[in-house]
Amino acid sequence: MSTIGKNIAVFLLSVYLCIMSYYFYTHQYYNADIEAYMGLVYKYNFPDMKIEEIHKKVYDELKSKDPETGKSDLSHKEEATGENTYYQILSENPKAYEEELNLFTVKPLYNFVNSIFFRLGFDASTSTFLITIISYVLIVALIFIFLSDILKNHYLALILTILISLFKPLLDTSRHATPDGLSTLILLLSFYFAVVKKNLWMAVLFGVLCILTRPEYFIFYSLLLILLYIFRSDFSFKAKNIVVSFILFAFTFGIIQYFNQIPWSVLFMNQFTKVQLYPISNPDSFNFHEYLACIKSKVLFELNTSYFPLLLIFIIIILDYKMLKKKDRKSLMYLGLFVAVYFTVLIRFFMFPSLVNRMMVGFYLIIILALIARQNSKSQIMRKTA
């Protein structure tokens, strides 16, 4: 396609992203997590500030933007005992709020970026969601670049990019003050450098940053390294470099866990069985039978409310099983990627039995883009053999 066509497509996408950015900026959803991330912004920038003052600043600002902040939610049945009144207690008790902050320190990169925006002059609440909006813009731009490279048609790439950008989990992610948007962006960047640029060290760098944003991505990256080791000749990667990459990922994850004050068992209890008002100082004992009961009660509902069953249908349709029987390396590579995604989701579910779509958006986009790439490569093969 001509340079003029490419420039027109880029211009249209830029206008579209400006409109969407303004929409997200003016329609942010003040979710409960923002209370903790704002507190960490103050704590990192003013280490000597007392928790009572941090608590007052956070809730005064939030209540000026959303008067419902800190009120009990009695509109639904409790899944975990005490969850409907938990956030009201946090809004009234600075000491409980102080311990709540420790649940959110395990995303150091996201908290660091929020602190940078705060130092640039934005208020605490705005600082927590600016990176989410920026991440949305860069994610969509990266998708357009990727699709343009594989489809060789900028207008088709633009149409598909806009359709993907309207994917509900991605839109939800961009309206929440959470690390999900940033981690998705970094995940896609690591894939881009590994698959398109064949640059392992840049991919590893972004992988480390992704784990620093959401530590549970360590599971996915570990499985991906196994996949890369099996297909290392296709990427011209050396085995020793892949081993070093795993060491870097493990070291990053280990550092986060070393400074993490919250055991996994307490976090699980806090979220899914009985809310702990003081999760560090006075946790309930972990009950394995309650854990199994929780897993059983959630597994079907969580899977059916996610997009994983639907995407699995498309995976089954698009994968060429004749090529798999012939042990075609490219087909096996795609299959391995999809297995890694679903296996990661399964492991993650047993550790944290929730498949909130905004947390899964990185996996969704990897599957969608891989399916588009696979379908396009099959079409090219058919055209060549026709």
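This is a short walk through one chain, from its overall build to a few single residues.

Keep in mind that the model is predicted.

Start with the fold. The chain has 20 helices and 0 strands. Its radius of gyration is 22 Å, and the globule rule gives 21 Å for 386 residues, so the chain is as compact as a globular protein of that length. Along the principal axes, the C-alpha atoms fill a box of roughly 70 × 50 × 40 Å.

Next, contacts and burial. Take the contacts with a separation of 6 or more: 75% of them join residues 24 or more positions apart. Of the 386 residues, 51% are buried.

Now the surface. About 19,200 Å² is exposed by the chain. Carbon and sulfur atoms supply 66% of that area. On charge, there are 36 positive and 28 negative side chains. The centres of those two sets lie 16 Å apart.

Let's go inside. Which residues have the most contacts inside the largest nonpolar core? They are Leu 147 and Phe 220, in a core of 123 residues. And which helix gives the largest share of this core? That is helix α7, residues 124–151, with 15 residues. As background, nonpolar side chains tend to be buried together in soluble globular proteins.

Stay with Phe 220 for a moment. I leave aside its neighbours within four places in sequence. Phe 220 is then in contact with Leu 187 and Phe 191 on the lower-numbered side. On the higher-numbered side, its contacts are Leu 337, Ala 340, Val 341, Thr 344 and Phe 363.

On to the loops. Asn 102 sits between α5 (94–101) and α6 (108–119). Is Asn 102 buried or exposed? Its relative accessible area is 11%, and the cut-off for buried is under 20%, so Asn 102 is buried. What does Asn 102 touch, once neighbours within four places are set aside? Its contacts are Asn 260, Gln 261, Ile 262 and Ile 280.

Two other loop residues deserve a look at their backbone. Ser 236 is not a glycine, yet its phi is positive, about 60°. Ser 236 belongs to the loop between α13 (232–235) and α14 (239–259). With a relative accessible area of 64%, Ser 236 is exposed.

The second is Lys 327. Here too phi is positive, at about 60°, and the residue is not a glycine. Lys 327 lies in the loop that links α18 (321–325) to α19 (329–351). Its relative accessible area is 64%, over the 50% cut-off, so Lys 327 counts as exposed.

Last, two isoleucines and their distances. Ile 8 is part of helix α1, residues 3–26. At 38% relative accessibility, Ile 8 is partly exposed. How far apart in space are Ile 8 and Tyr 42? The C-alpha to C-alpha distance is 44 Å, with the two positions 34 residues apart in sequence terms.

Then Ile 230, in helix α12, residues 217–230. Ile 230 counts as exposed, at 51% relative accessibility. Its partner for this comparison is Met 333, 103 residues apart in sequence. In space, Ile 230 and Met 333 are 9.0 Å apart, C-alpha to C-alpha.

To recap. The chain has 20 helices and 0 strands. Its largest nonpolar core holds 123 residues, and helix α7 supplies the largest share of that core. Asn 102 is buried in its loop, whereas Ser 236 and Lys 327 are exposed in theirs.

Terms used
Residues numbered from 1 in each chain as written. Predicted model: local features only at pLDDT ≥ 70, side-chain atom pairs only at ≥ 80, totals over all residues. Heavy atoms only, no water. Core = buried A, V, L, I, M, F, W, Y, C linked by side-chain atoms within 4.5 Å. Buried < 20%, exposed > 50% of the residue type's maximum accessible area, 1.4 Å probe, protein only. Helix = DSSP H or I, 4+ residues; strand = E, 2+ residues; numbered from the N terminus. Contact = heavy atoms within 4.5 Å. Rg over C-alpha atoms; globule rule 2.2 N^0.38 Å. Areas by Shrake-Rupley, 256 points an atom, 1.4 Å probe, with all protein chains shown as cover. Lys, Arg positive; Asp, Glu negative; His and termini not counted. Charge placed at Lys NZ, Arg CZ, Asp CG, Glu CD.
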